[in-house]
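The exercises below are meant to be worked through with the structure open beside the text. Each one sets a task and then gives a solution in steps.

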Amino acid sequence: MISIKLFTGFILMIFLESIASAQGINKEKLDMPGDNLNLYAVMKLFQESETLEGFERSLNAEESTINNLDLNGDNRVDYIKVVDYVDGNDHTIVLQDAVTENENQDVAVFTVQRDANNQVQIQLIGDEELYGKDYIIEPNYADDASSLETPNPGYTGNTKAVRGENVVVTRTTYVEVASWPLITYMFMPSYVAWHSPWYWGYYPAYWHPWTPFYWDYYYGYHSHWNQYYYGHYRPWHYYRYTHWNDHYYTHKRSYSNTVHQHRETGAYRNTYSRPDQRKAGSEAYNRRYSENNNRPSGRTGNIERVNRQGSRKDVNQSPRQGENKPAVRQGTKIPSDRQGVGKPGTRQDVKRSETRPGVNKSETKPTMNRSEPRPRVNKSDTKTGVNKSTRHSGNKSSVIKSENRKQAPRQVSGKQTSGSTKSGNSADKKSKRK
């Protein structure tokens, strides 16, 4: 009887733990399209970027594993472009998705404002169509407002419970946020507001869409970063940007009817249909960072590229069901000014032969031994210092005489040493006539 009670209690305990685990996971899931773009990861990437152009490129890089949005339902990840609307010391940085040729949907918005004391407040706000109302993320500011959060009585110091996880909170100040590389760059006098040049059907040459992952795979991968995400950033309950409604929401926000209809019809629910992929996503993370104990930066350039050959088997299992992804989205065109980008200046793998075919350079140009001294020229033999030389033409040889004739020897005591000069011949002729 006692053993039956123990067994029943054991089963009940396992059941309650599974429910608690499921509830903890459900806190991460909004059951909305925004589940496939983790804004905590986006905030981290923004903090580590140096320019908005570089931020946009890293955000859309397959290696970063951040962008997993497919809003138009074509089973290919969408390209997210970045647009900065500047209003004095305020920046409204919009992340936007070209859903169709005629419709854009804002995904999330960074609001950045700086006061006269060089203090910067930044928030990342998810669009209500993708994340619901008032989905706001910001750094863990060390201000009095943080006391509004409900503390966990079981932990002291900087450790607290966030969404079912105990994390060490790292707080920051408004001045420290102002020193982020990208924010420093945005407030330089030479800064020109970034407006992404890409739109529907026209994307950078380096980018190609890929098949999106199921949400559980995506969550299994990013859950390893929760200690960092929740330790450095927090959800917030009000907008710090005072012109949110009149500057952005009323005049700048882009809204897509296609996304709204897909939401209403439940077209995005398919992404939650593979809970078994959660383990595969976690294993992909472990493979990627197993060789390095320190987690790399969020920048694409500093992230070790995923070994696709080693992980392709799992990747092929994790994407959503559908046809194999094409090389580029249907209708994608590369602008003419981007064609040829990345081509090297010289041809690759072209080896020029050292000699022309059929020609033996050793016969035409003999190798000169620089160590042998050049022959001295006897200037007494020739006027110009040119000696007799032999020219070779095939097997024949010809002797070229010196251009200067030898001078006749002088007459010594009425005798000639050798030969006769022109003046000597005329004197002999006169003597004979007499």
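**Exercise 1. Describe how β3 and β4 are joined, and say what is special about N118.**

*Solution.* Begin with the pairing: seven bridges join β3 to strand β4, residues 120-126, and the two strands run antiparallel. To place one pair within this ladder, take V109, whose bridge partner in β4 is I125. Next, look at the connection, where β3 and β4 form a hairpin with five residues between them. N118 lies in the loop between β3 and β4, and N118 has a positive phi of about 65° although it is not a glycine. Finally, consider its surroundings: with a relative accessible area of 38%, N118 is partly exposed.

**Exercise 2. Judge how far the model can be trusted along the chain.**

*Solution.* The structure is a predicted model, so the confidence values come before any closer reading. The mean pLDDT of the chain is 73, and 58% of its residues reach 70 or more. Two stretches call for care. Over residues 150-156 pLDDT stays under 50, and the model has three contacts beyond four places in sequence for this stretch. Over residues 379-424 pLDDT also stays under 50, and here the model has 27 contacts beyond four places in sequence.

**Exercise 3. Work out the order of the strands in the open sheet and find its edges.**

*Solution.* Six strands make up an open sheet in the order β1-β2-β3-β4-β5-β8, with antiparallel pairing. At the edges stand β1 (80-87) and β8 (233-236), each with a single partner strand, so one side of each is left without a neighbour in the sheet. From one strand to the next the twist averages 25°. Helix α3, residues 52-59, packs on the sheet and touches β1, β2 and β3, while its direction makes about 155° with that of β1.

Now follow two of the pairings. Strand β2, residues 90-98, and β3 pair in the antiparallel sense over nine bridges, with T92 standing opposite T111 in β3; these two strands form a hairpin with five residues between them. Toward the β8 edge, strand β5, residues 135-139, pairs with β8 in the antiparallel sense over four bridges, and P139 stands opposite Y233 in β8.

**Exercise 4. Decide whether strand β3 and helix α7 are covered or open to the surroundings.**

*Solution.* For β3, residues 104-114, count the residues under the cut-off of 20% relative accessible area that defines buried. Nine of the eleven residues of β3 are buried, so the strand is largely enclosed by the rest of the structure. For helix α7, residues 215-222, eight of its eight residues are buried, and the helix is mostly covered. Among the buried residues of α7 are W215, D216 and the tyrosines Y217, Y218, Y219 and Y221. For the chain as a whole, 38% of the 434 residues count as buried.

**Exercise 5. Compare the settings of three loop residues, S49, N75 and T170.**

*Solution.* Take S49 to begin with, which is placed in the loop between α2 (39-48) and α3. At 4% relative accessibility S49 counts as buried, and a polar atom of its side chain lies 2.7 Å from the backbone oxygen of L45.

Then turn to N75, in the loop between α3 and β1. N75 is buried, with a relative accessible area of 14%, and its phi is near 65°, a positive value in a residue other than glycine.

Last comes T170, in the loop between β7 (165-168) and α5 (174-178). T170 is partly exposed, with a relative accessible area of 36%. Not counting residues up to four places away in sequence, T170 touches N140, G231 and H232. The C-alpha atoms of T170 and H232 are separated by 5.3 Å, although these residues are 62 residues apart along the chain.

**Exercise 6. Examine the two ends of helix α10.**

*Solution.* At the start of α10, residues 257-265, a side-chain oxygen of S256 reaches to within 3.3 Å of the backbone nitrogen of T258. Just after α10, G266 takes a positive phi of about 75°.

Notes: Residues are numbered from 1 along each chain as its sequence is written. This is a predicted model: local features need pLDDT of at least 70, side-chain atom pairs count only at pLDDT 80 or more; totals for chains, interfaces and linings use all residues. Side-chain values use heavy atoms; hydrogens and water are left out. Buried means under 20% relative accessible area, exposed over 50%, partly exposed in between (1.4 Å probe, protein chains only). Two strands pair if DSSP finds at least two bridges between them. A polar contact is a pair of N or O atoms within 3.5 Å; within protein, one must be able to donate a hydrogen and the other to accept it, and residues adjacent in sequence count only if both atoms are side-chain atoms. Axes are lines fitted to C-alpha atoms, for helices over the stretch in contact, and angles run from 0 to 180 degrees between N-to-C directions. Contact means heavy atoms within 4.5 Å. pLDDT is the predictor's confidence in each residue, from 0 to 100.
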